[in-house]
Amino acid sequence: MVLTVNEANQDEILAGLKTSSEKAFECIVNSFTKDLLQQAMKLTRDSDTAKDLVQDVFAGIWEKREQLTVGTSLAGYLHTTLKNKFLRHVSRASLHEQAIAHLLTRMDDIQNGILDTLAANDLQTSLSEIIGQLPPAMQNIFILRNEDYSLREIAAALGLAEQTVRSYHSELNRRIRAALISRHPDISHSLLLLVLSRLI
């Protein structure tokens, strides 16, 4: 019979983990792998990436086993850890800068006269600075939107209500629009709409 973690034995299992009990660690892995993989698949939509993230979660708790502080729920701790690893995964290599660069490459169909208002390099610098000044929650929404996640999927990834994400997204749009107009008052309306439609 495979031992699994429950409310009654969680403290005992964690105590065993802190003493480097491989049996306790195996019990945790057996208990939570399925649920974590399901969550990871919803977040990543890629089986290999999902498996890698879940393995990272378990590797992390083994490495930190002696100092591990879980709180009241091991399941909650593991799912939060997975979410944080996912956000770090999608944030790697400054994805918001990649998204901005991608935006610029998609402007080929816009006549050069529009770009006279705002040089491409100036645009990229401005957007990078604007996004870098956003609150972390809005930066995460920006990153995930540029990874083609829906607002509902973003809400699930961040553990927020969908309406909260919608409100953040609207505020994100407003802040970028206001900042661009403030920095570049001569920006054309057509270019502003293009930037906002391609960016968020």
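Visitor: Does W62 count as buried, partly exposed or exposed, and at what relative accessibility?

Guide: In this predicted model, the relative accessibility of W62 is 24%. Buried would require a value under 20%, and exposed one over 50%. W62 therefore counts as partly exposed, at 24%.

Visitor: Which residue forms an aromatic pair with W62, and which parts of the chain does the pair tie together?

Guide: The pair is tilted, with 5.1 Å centre to centre and 55 degrees between the planes. The partner of W62 is F25. F25 lies in helix α2 and W62 in helix α3 (residues 47–63), so the pair ties together parts 37 residues apart in sequence, in helices α2 and α3.

Visitor: Which residue lies over the face of W62, and at what distance from the ring centre?

Guide: The face of W62 is covered by an arginine, R65. The distance of R65 from the ring centre is 4.0 Å.

Visitor: What is the geometry of the aromatic pair formed by F86 and Y149?

Guide: F86 belongs to helix α4 (residues 74–91), whereas Y149 belongs to the loop between α8 (136–145) and α9 (151–158), 63 residues apart. F86 counts as buried at 1% relative accessibility, and Y149 counts as buried at 5%. The centres are 5.9 Å apart, and the angle between the planes is 70 degrees. Planes over 60 degrees apart count as edge-to-face, so the geometry of this pair is edge-to-face.

Visitor: Where does the largest nonpolar core lie with respect to domain 1 and domain 2?

Guide: This core has 50 residues, and those with the most contacts inside it are I28, F86 and L144. Helix α2 (residues 22–44) gives the most to the core, with eight residues. Because domain 1 (9–91) and domain 2 (95–199) both give residues to it, the core lies between them.

Visitor: With which residue does R45 form a salt bridge, and how far apart are the closest N and O atoms?

Guide: The charged end of R45 sits over the ring of Y149, 3.8 Å from its centre. R45 also forms a salt bridge. The partner is E153, with the closest N and O atoms 3.2 Å apart.

Visitor: Which residues are joined with E162 into one network by salt bridges that share partners?

Guide: R152 forms a salt bridge with E162, the closest N and O atoms being 3.4 Å apart. E162 also forms a salt bridge with R166, at 2.8 Å between the closest N and O atoms. The residues joined with E162 into one network are R152 and R166.

How values were computed
Residues are numbered from 1 along each chain as its sequence is written. This is a predicted model: local features need pLDDT of at least 70, side-chain atom pairs count only at pLDDT 80 or more; totals for chains, interfaces and linings use all residues. Side-chain values use heavy atoms; hydrogens and water are left out. A nonpolar core is a set of buried Ala, Val, Leu, Ile, Met, Phe, Trp, Tyr and Cys residues joined through side-chain atoms within 4.5 Å. Buried means under 20% relative accessible area, exposed over 50%, partly exposed in between (1.4 Å probe, protein chains only). Helices (H or I, at least four residues) and strands (E, at least two) are DSSP runs, numbered from the N terminus. Domain bounds come from an automatic or database domain assignment. Rings of Phe, Tyr and Trp (its six-membered ring) pair if their centres lie within 6.5 Å; planes under 30 degrees apart count as stacked, over 60 as edge-to-face and the rest as tilted. A charge sits over a ring if NZ of Lys or CZ of Arg is within 6 Å of the ring centre and within 35 degrees of the ring normal. A salt bridge is a side-chain nitrogen of Lys or Arg within 4 Å of a carboxyl oxygen of Asp or Glu.
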